[in-house]
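Work through the exercises below with the sequence and the model open. Each task is followed by a solution in steps.

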Amino acid sequence: MTQEDVHFVDNSETGLHDLHGFGMDSDQSQTDEHGMPLAPTLAKPGLLVMDVDSTLIDEEVIDELGEAAGCGEEIAAVTERAMRGELEFCDALRARVALLKGLPVSVFDTVHDKLHFTHGALELIDTLHAHGWKVGVVSGGFHEVVDRLAAEGHIDYWIANRLDVADGKLTGKVLGDIVCKTVKLHALKSWAERLGVPMSQTVAVGDGANDIPMIQAAGLGLAFCAKPKTQLAADDAINVRDLTRVLDYLR
């Protein structure tokens, strides 16, 4: 298994801005004798991309940071509304990050040590790797935590936001472009194109409204213990916290 440390924050670093309508879906789609899309198969190389907070891990990192800042309930309430699609994600993230101003960067060590991989996450990743698949994660959270999770989970690709720091403390601002639903979608397509994997051989897994575009674009889109709007948009839903259930859908 080869880990490729490809991670980026804004579109310009990876050419994501060139991916609008590049036609991969229509050119490389595969159907059965009835014209129905084929489910992704482990018999061929593929790509799985999943969200991090409440999907790859059990927790929401921004909420854990909020607890450390003494405004946990306020931040958690905004997180819930954003994940339901009731608030615009980028604005909601900026508002929550502003409340973290003044926290020491050591808080990332504290929060990381409180996190837990979702049951079955590591088994899912190892099984996919054993079949020649790659795994990516797309996070509206932060590189300062996701980089460590990616290394521990043997993730091949990842993107996340990065927080501004001055004098060893958070400034309450996000650096660069925010990883929103559009960036997540473009990451899925960019990684698939880079690997030469057709979209019919991709799987996207997530729980929030900002995961919907990638879920709908993937060959198989799964809502994982997700908000109602996300469940309605997905091909199917997994409502138990066991990521090995994803393997049940792969031929």
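A residue is called buried under 20% relative accessible area, exposed over 50%, and partly exposed in between (1.4 Å probe, protein chains only). By that rule, buried residues make up 53% of the 251 residues in the chain.

The model is predicted, so local features need pLDDT of at least 70 and side-chain atom pairs count only at pLDDT 80 or more, while totals for chains, interfaces and linings use all residues. Residues are numbered from 1 along each chain as its sequence is written, and side-chain values use heavy atoms, with hydrogens and water left out.

**Exercise 1. Overall layout**

State how many helices and strands there are in the chain, and what share of the contacts with a separation of 6 or more comes from residues 24 or more positions apart.

Solution. Step 1: helices (H or I, at least four residues) and strands (E, at least two) are DSSP runs, numbered from the N terminus. The chain has 11 helices and 8 strands. Step 2: a contact means heavy atoms within 4.5 Å. Of the contacts in the chain with a separation of 6 or more, 67% are between residues 24 or more positions apart.

**Exercise 2. Helix α9**

Compare the expected span of α9 with the distance between its end C-alpha atoms, then list its buried residues.

Solution. Step 1: the expected span of a helix is 1.5 Å times one less than its number of residues. For the 15 residues of α9 this gives 21 Å, and the end C-alpha atoms are 22 Å apart, which agrees. Step 2: the buried residues of α9 are Val183, Lys184, Leu185, His186, Ala187, Leu188, Lys189, Ser190, Trp191 and Ala192. Step 3: just after α9, Gly196 has a positive phi of about 70°.

**Exercise 3. Aromatic pairing**

How many aromatic pairs does the rule for rings give?

Solution. Step 1: rings of Phe, Tyr and Trp (its six-membered ring) pair if their centres lie within 6.5 Å; planes under 30 degrees apart count as stacked, over 60 as edge-to-face and the rest as tilted. Step 2: the count comes to 1 aromatic pair. Tyr157 and Trp191 form a stacked pair, at 5.3 Å centre to centre with 15° between the planes. Step 3: the pair links distant parts of the chain, with Tyr157 in strand β4 (residues 157–166) and Trp191 in helix α9 (residues 181–195), 34 residues apart. Both Tyr157 and Trp191 are buried.

**Exercise 4. Salt bridges**

Give the number of salt bridges in the structure, and place the partners of Asp58–Arg241 and Asp211–Lys184.

Solution. Step 1: side chains of opposite charge can pair when their charged atoms come close. A salt bridge is a side-chain nitrogen of Lys or Arg within 4 Å of a carboxyl oxygen of Asp or Glu. The structure holds 8 salt bridges.

Step 2: Asp58 and Arg241 meet through their side chains in a salt bridge (3.0 Å, N to O). Asp58 is in the loop between α2 and α3 (61–69) and Arg241 in the segment after β8 (236–238), so this pair ties together parts 183 residues apart in sequence. Asp58 counts as partly exposed at 35% relative accessibility, and Arg241 is also partly exposed, with a relative accessible area of 33%.

Step 3: a salt bridge of 2.7 Å, N to O, joins the side chains of Asp211 and Lys184. Asp211 lies in the loop between β6 and α10 and Lys184 in helix α9, so the pair ties together parts that are 27 residues apart in sequence. Asp211 is buried with a relative accessible area of 0%, and Lys184 counts as buried at 1%. Asp51, Lys184 and Asp211 are linked in a network of salt bridges.

**Exercise 5. Asp207 and Ser54**

Asp207 is buried: which side chain of opposite charge is nearest, and which polar contact joins its side chain to that of Thr55?

Solution. Step 1: Asp207 is in the loop between β6 (202–206) and α10 (212–217). Lys and Arg count as positive and Asp and Glu as negative; His and the chain ends are not counted. Asp207 has no salt bridge, and the nearest side chain of opposite charge, Lys227, is 4.1 Å away.

Step 2: a polar contact is a pair of N or O atoms within 3.5 Å; within protein, one must be able to donate a hydrogen and the other to accept it, and residues adjacent in sequence count only if both atoms are side-chain atoms. The side chains of Asp207 and Thr55 are joined by such a contact of 3.3 Å.

Step 3: Ser54 is in helix α2 (residues 52–56) and counts as buried at 14% relative accessibility. Its side chain makes a polar contact of 2.8 Å with the side chain of Glu60. Not counting residues up to four places away in sequence, Ser54 touches Glu59, Glu60, Asp207, Phe224 and Arg241.
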